[in-house]
Amino acid sequence: MKVAIAGAGKLGFKVASALAGGDYSITIIDIKESVLDKISQQLDVMTVKADARKVSVLQDVGISGFDYLIASTGTDEINILVASFAKKLGCRHVLARVRDPEHMNQFDFIRDATGIDLIINPDMAITAEIYKYLAEKYTLSHGIFTTDKASLIKFPAANLPKIGGHSIPEVRKLFPDFLVLALSRNGKVIIPHGDSMIEHDDLVYMLGEKKAIQEFSKKIHINKKNRGLKKVMIIGGGKTGFYLAKRLADFGAAVTVVETNLERCHYLATHLSNVLILHSDGTDLSLLEEENLDEMDAFITATGYDEENLLLALTAKHHGVPDVISKVSHENYKELTEDMGVDMVLNPLDISAGTILRYIQGSNRIISSVLIQGQAELLEIIVNSKMNLTHAPIKDLDLSDSILIASIHRGNQLIIPDGKTKIHLNDRVILLCLLSSIGDVEKLLKPRGLIRG
């Protein structure tokens with residue numbers, strides 16, 4: 001399968017890295033030779049130093065014979081143009097990253113006029129995950145994923161005291177029909193393995209047979225009254241802040257947006273209803289205290305600077321805000337965020353790359369998927385003879401720590417697997433993978449003949 005990527009930035013590189021583990025021939029087009037040289041040293045891909053906006057360039061690379069083109073330059077208009085040209089020249093599927101709210105307001109027209117198959121908007125994707133997290137919590141919705149006989153629920157470990165302080169094998173002995181699929185600890189999603197311990201403050205994701213999970217849910221969910229999501233403060237009025245403020249205001253929350261750029265404040269004030277816009281520096285603690293930071297139900301940091309987002313998130317935590325959510329783009333801050341105790345940390349790069357890969361993998365490989373706190377993805381696949389999942393016990397599949405096989409549907413049977421379980425052809429398998437390691441899934445799905453030693 002042939003894939004072209006226009007734009008060798010962070011998103012283009014991450015997608016190329018993930019696809020490089022599968023059955024793909026990848027061509028990357030960019031105008032910066034230094035960037036392409038660096039990619040060539042790390043990945044087995046073809047690089048082309050050229051301007052992808054030129055029809056002649058797309059023709060020279062043979063775009064009519066490509067299955068996919070991903071336009072991921074830093075400019076919306078260029079991405080729309082390149083994707084449109086590629087589609088007109090015969091590329092089967094074209095995807096474009098588009099971030100401007102004005103473009104998203106006319107998405108249907110853009111799609112119809114250009115033939116773009118999928119528009120990826122990182123800010124809207126992050127907004128959807130934050131909204132889902134807050135709305136689910138304050139509307140007391142616990143079931144997040146159900147397919148055939150399997151269901152997945154989440155609950156605070158404190159609601160089931162006997163699992164706190166115990167290892168995963170110990171919990172499996174207590175609940176042999178269930179599987180602890182993931183833990184959320186201080187804002188970080190963890191896929192547990194071996195002797196991983198459940199801590200009392202963890203949020204636990206548990207999978208099992210549908211009816212058993214429903215009965216289990218009645219026992220561990222404490223139906224206490226929520227005072228509701230009444231007050232939310234968002235630091236940063238960029239694209240994420242804009243989308244999120246609109247959705248939360250529509251939800252009924254009193255939303256305050258703090259933005260340093262005066263011109264941007266004017267834009268927000270004219271395009272948002274029932275949202276308080278403050279022209280100020282979000283790092284001004286006295287301002288935050290004047291605006292009753294201590295009374296906020298949720299505090300979201302969405303500036304363009306990771307360091308500022310983390311500092312402000314830590315400040316909010318120290319002021320006792322129940323839900324603190326932060327947008328963080330750099331992988332290097334992962335361990336730091338766990339130590340800080342932030343409730344939810346989202347990486348727009350991981351979410352965007354995951355969206356692109358799921359589209360490329362298609363329904364013939366991935367039946368369905370759902371994100372967990374914007375950091376991990378639950379996937380359901382049908383196993384075929386080309387996948388590296390069969391003929392050996394799970395413990396011998398050489399799975400990375402970023403992947404966990406959660407359940408197997410075989411006929412009318414639901415199997416909660418252990419290390420000795422073997423996967424058969426045509427099994428429906430549910431697996432969990434961290435978005436930061438999405439390339440590991442490709443290694444499982446690629447044809448056996450392409451395995452490299």
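**Exercise 1. Decide whether Glu291 is buried, partly exposed or exposed in this predicted model.**

Solution. Start with the number: Glu291 has a relative accessibility of 25%. Next, bring in the cut-offs: buried means under 20%, and exposed means over 50%. The value for Glu291 falls in between, so Glu291 counts as partly exposed.

Now find Glu291 in the fold. Glu291 sits in the loop that links α12 (285–290) and β15 (298–301). Leaving out residues up to four places away in sequence, Glu291 touches Met233, Leu276, Leu278 and Met296. As a check on distance, select Gly194: Glu291 and Gly194 are 97 residues apart in sequence, and their C-alpha atoms are 46 Å apart.

**Exercise 2. Work out where Leu95 lies and what surrounds Leu95.**

Solution. First, the element: Leu95 belongs to strand β5, residues 93–97. Second, the exposure: the relative accessible area of Leu95 is 0%, so Leu95 is buried. The strand shows a similar picture, as four of the five residues in β5 are buried.

Third, list the contacts beyond four places in sequence. Leu95 touches Tyr68, Leu69, Ile70, Ala71, Ala83, Leu118, Ile120, Ile356 and Tyr359. Two of these names come back as strand partners: Ile70 is the bridge partner of Leu95, and Leu118 in β6 stands opposite Leu95.

Finally, try a residue from another part of the chain. Ala392 is 297 residues from Leu95 in sequence and 37 Å away in space, C-alpha to C-alpha.

**Exercise 3. Build the sheet around β5 and find its edge strands.**

Solution. Begin on one side of β5. Strand β4 (residues 68–71) runs parallel to β5, and four bridges join the two. Helix α4 (residues 76–88) completes a right-handed β-α-β unit with β4 and β5. On the other pairing of β5, three bridges connect it in the parallel sense to β6, residues 118–120.

Then step on from β4. Strand β1 (residues 2–6) pairs with β4 in the parallel sense over four bridges, and here Ala6 stands opposite Ala71.

Put the pieces together: the open sheet has six strands in the order β3-β2-β1-β4-β5-β6, with parallel pairing. β3 (46–49) and β6 each have a single partner strand, so they are the edges, and one side of each is left without a neighbour in the sheet. From one strand to the next, the twist averages 15°.

To finish, add a helix. Helix α1 (residues 10–19) lies across β1, β2 (25–30), β4 and β5, and runs at about 165° to β1.

**Exercise 4. Identify the residues with the most contacts in the largest nonpolar core, then follow one of them.**

Solution. This core has 83 residues, and those touching the most other members are Val15, Ile28, Ile63, Leu69, Leu248, Val255 and Ile300. Take Ile28 as the example. Beyond four places in sequence, Ile28 is in contact with Ile5, Ala8, Ala16, Leu36, Ile39, Val45, Met46, Thr47 and Val48. A second, separate core holds 20 residues, including Ile191, Leu414, Leu432 and Leu434. As background, nonpolar side chains in soluble globular proteins tend to be buried together.

**Exercise 5. Count the disulfides and classify Cys91 and Cys433.**

Solution. Apply the cut-off first: a disulfide needs two cysteine sulfur atoms within 2.5 Å. The count is zero disulfides. Then turn to exposure: Cys91 is buried at 3% relative accessibility, and Cys433 is buried at 1%.

Note on methods
Residues numbered from 1 in each chain as written. Predicted model: local features only at pLDDT ≥ 70, side-chain atom pairs only at ≥ 80, totals over all residues. Heavy atoms only, no water. Core = buried A, V, L, I, M, F, W, Y, C linked by side-chain atoms within 4.5 Å. Buried < 20%, exposed > 50% of the residue type's maximum accessible area, 1.4 Å probe, protein only. Contact = heavy atoms within 4.5 Å. Pairing = 2+ DSSP bridges. Right-handed = clockwise from strand over helix to strand, strands pointing away. Axes fitted to C-alpha atoms, helices over the stretch in contact; angles between N-to-C directions.
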